[in-house]
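Open the model in your viewer and keep the selection panel at hand. The tour goes stop by stop: what to select, then what is there.

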Amino acid sequence: MAFAVKVVPRARANAIEGWQQDTLKVRLRRFINAGPPVEGKANAALIALLADALAVGNRQIEIISAQTARTKLVRINGLTAEQVKMRLRSLTE
């Protein structure tokens with residue numbers, strides 16, 4: 001299953017905000033150096049947050065496009081679209 005994720009950087013905490021149409025809104029906290037996300041750290045943080053929320057391994061999640069953009073296309077392997085939406089909705093309601 002693949003879906004769009006809009007990342008809001010420099011948030012106070014990592015959080016999954018919820019769905020806005022077909023896009024999942026996610027907030028990612030600042031990194032230790034408090035600077036901008038560099039060298040894939042934000043992507044790694046996004047993958048870790050989604051893996052934890054969906055109860056899957058990090059390797060089952062892949063950013064398939066827009067590596068450097070705020071809106072990314074993410075693929076989840078091993079879960080159906082319905083399973084992904086159900087697990088994420090339970091976190092945001």
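## Start at a strand pair

Select I63 and V74. I63 stands opposite V74, which belongs to β5. Keep in mind that this is a predicted model.

Widen the selection to β4 and to residues 71–76, which make up β5. These two strands run antiparallel and share four bridges. Add S65 to the view: its bridge partner in β5 is L73.

## The turn at A66

Now select the loop between β4 and β5, where A66 sits. Five residues lie between the two strands of this hairpin. What is the sign of phi at A66? Phi is positive there, about 65°, although A66 is not a glycine. Most residues other than glycine have a negative phi. Colour by accessibility and A66 comes out as partly exposed, with a relative accessible area of 31%.

## Zoom out to the sheet

Show the whole chain as a cartoon. Two helices and five strands appear. Along the sequence they follow the pattern β-β-β-α-β-β-α.

In which order do the strands lie in the sheet? Step across and you read β2-β3-β1-β5-β4, an open sheet with mixed pairing. Select 15–20 and 61–65 for the edges: these are β2 and β4, and each pairs on one side only. Look along the sheet to see the twist: neighbouring strands are turned by 35° against each other on average, direction ignored.

## β1 and its two neighbours

Select residues 2–11, strand β1. Is β1 mostly covered or mostly open? Mostly covered: seven of its ten residues are buried.

Turn to the β5 side. β1 and β5 pair in the antiparallel sense, over five bridges. Then turn to the β3 side. There the pairing is parallel, over six bridges.

K6 is a good place to see both sides. In β5 its bridge partner is T71. In β3 the bridge partner of K6 is K25. Further along, A11 stands opposite R29 in β3.

## The hairpin of β2 and β3

Select β2 together with residues 23–29, which are β3. The two run antiparallel and are joined by five bridges. For one rung, pick A15: its bridge partner in β3 is R27.

Now move to the turn. This hairpin has two residues between its strands. Q21 takes a positive phi here, near 55°.

## A lysine without a salt bridge

Select K25 in strand β3. Which residues does K25 touch, leaving aside those up to four places away in sequence? K6, V8, A15, I16, E17, G18 and Q20.

K25 is buried, yet has no salt bridge. Draw a distance to E17, the nearest side chain of opposite charge: 4.9 Å. The cut-off for a salt bridge is 4 Å, so this pair does not count as one.

## The two helices

Select residues 41–54 for α1. This helix lies across β1, β2, β3, β4 and β5, and it runs at about 115° to β3. Next, select residues 81–92 for α2. Helix α2 also packs on the sheet, touching β1, β2, β3 and β5. Its direction makes about 115° with that of β2.

## The loop after α1

Select A55, in the loop between α1 and β4. This alanine has a positive phi of about 60°, although it is not a glycine. Is A55 buried or exposed? It counts as exposed, because its relative accessibility is 64% and the cut-off is 50%.

## Last stop: the whole chain

Switch on the surface. The accessible surface comes to about 5,800 Å², and 48% of that belongs to carbon and sulfur atoms. Colour by burial: 37% of the 93 residues count as buried.

Finish with a contact map. Take the contacts with a separation of 6 or more. Residues 24 or more positions apart account for 43% of them.

Methods
Residues are numbered from 1 along each chain as its sequence is written. This is a predicted model: local features need pLDDT of at least 70, side-chain atom pairs count only at pLDDT 80 or more; totals for chains, interfaces and linings use all residues. Side-chain values use heavy atoms; hydrogens and water are left out. Two strands pair if DSSP finds at least two bridges between them. Axes are lines fitted to C-alpha atoms, for helices over the stretch in contact, and angles run from 0 to 180 degrees between N-to-C directions. Contact means heavy atoms within 4.5 Å. Buried means under 20% relative accessible area, exposed over 50%, partly exposed in between (1.4 Å probe, protein chains only). Accessible areas come from the Shrake-Rupley method with a 1.4 Å probe; for residues, only the protein chains shown count as cover. Lys and Arg count as positive and Asp and Glu as negative; His and the chain ends are not counted.
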